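Biologist: Could you take me through the aromatic rings in this model, and the charged side chains that go with them? I would enjoy a close look at that one part.

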Amino acid sequence: MSRTYYYFVASLPRIEFDAKIPLSFQDYLKDCKNLLAQEDYELVERILTEDENQIQTSEKILKTWIDFNERLRNELVWFRAQRASVDPLLHVRQEKSKDPRILEIIQRISQEPNLLMAERFLDQIRWKFLDDLAFGQYFNMEFLIIYTLKLKILARYDEIYSDKG
């Protein structure tokens with residue numbers, strides 16, 4: 001059973017997909033270090049600083065997220081490789097997806113001429129997936145994992161739309 005963090009979760013700012021990131025990674029990590037158990041803090045830090053596919057964890061929600069995101073990325077590789085007449089087996093990590101939802105997503109973004117808009121659409125799908133995972137998760141580590149993953153998505157757009165992006 002995961003630990004609960006009533007005070008910390010209640011104090012976090014609300015985040016939405018199209019909103020500006022409400023706090024920096026540094027501030028968030030500082031609060032995590034002060035308020036979470038060491039093991040939980042280290043997991044949050046790894047989520048923010050490492051490629052998710054490299055993270056070894058027993059947290060079911062994080063494993064579910066990693067699996068979904070990897071299936072989505074693999075299907076993109078299959079699609080782009082076929083479009084470029086390149087062997088997709090050189091680049092994929094899994095077999096071709098049989099999930100009709102993922103196939104529909106790939107078909108939809110393939111019709112978007114603006115790459116940034118296609119990427120935003122993919123991230124909206126990821127956000128919705130995280131929202132679905134968050135159902136029933138309140139004040140616990142699972143909620144914080146989802147919150148951290150959402151912060152990571154927002155931070156990416158904060159950087160894209162910054163002066164250096």
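Modeller: Happily; here is a walk through the ring pairs, and then the surroundings of one tyrosine.

Please keep in mind that this is a predicted model. In it, the count of aromatic pairs comes to 10. A good one to begin with is formed by Phe 68 and Phe 129, whose ring centres lie 3.9 Å apart with 5 degrees between the planes, a stacked arrangement. This pair brings together distant parts of the chain, since 61 residues separate its two members. Phe 68 belongs to helix 4 (residues 60–83), while Phe 129 belongs to helix 6 (residues 115–134). What about their exposure to solvent? Phe 68 has a relative accessibility of 7%, so it counts as buried. Phe 129 is buried as well, because its relative accessible area of 16% falls under the 20% cut-off.

Next come two tyrosines, Tyr 157 and Tyr 161. Their ring centres are 6.4 Å apart, which is within the 6.5 Å limit, so they count as a pair. The planes meet at 25 degrees, and because stacking requires an angle under 30 degrees, this pair is stacked too. Tyr 157 is buried, with a relative accessibility of 6%.

Tyr 157 deserves a longer stop, for here the charged side chains come in. Arg 120 lies over the face of the Tyr 157 ring, 5.1 Å from the ring centre. Arg 156 also places its charged end over the ring of Tyr 157, at 5.6 Å from the centre. An acidic residue joins the picture: Asp 123 is in contact with both Arg 156 and Tyr 157. Leaving aside residues up to four places away in sequence, Asp 123 also touches Phe 17 and Ile 153. Asp 123 sits in helix 6, the helix that holds Phe 129 of the stacked pair described above. With a relative accessible area of just 3%, Asp 123 is buried, because the cut-off is 20%.

Elsewhere, ring pairs join Phe 8, Tyr 28, Phe 143 and Tyr 147 into a cluster.

To draw the part together: Phe 68 and Phe 129 stack across two helices, Tyr 157 stacks with Tyr 161, and the ring of Tyr 157 has Arg 120 and Arg 156 over it, with Asp 123 in contact with Tyr 157.

Definitions and conventions: Residues numbered from 1 in each chain as written. Predicted model: local features only at pLDDT ≥ 70, side-chain atom pairs only at ≥ 80, totals over all residues. Heavy atoms only, no water. Phe/Tyr/Trp six-rings, centres within 6.5 Å; stacked < 30°, edge-to-face > 60°. Helix = DSSP H or I, 4+ residues; strand = E, 2+ residues; numbered from the N terminus. Buried < 20%, exposed > 50% of the residue type's maximum accessible area, 1.4 Å probe, protein only. Lys NZ or Arg CZ within 6 Å of the ring centre and 35° of its normal. Contact = heavy atoms within 4.5 Å.
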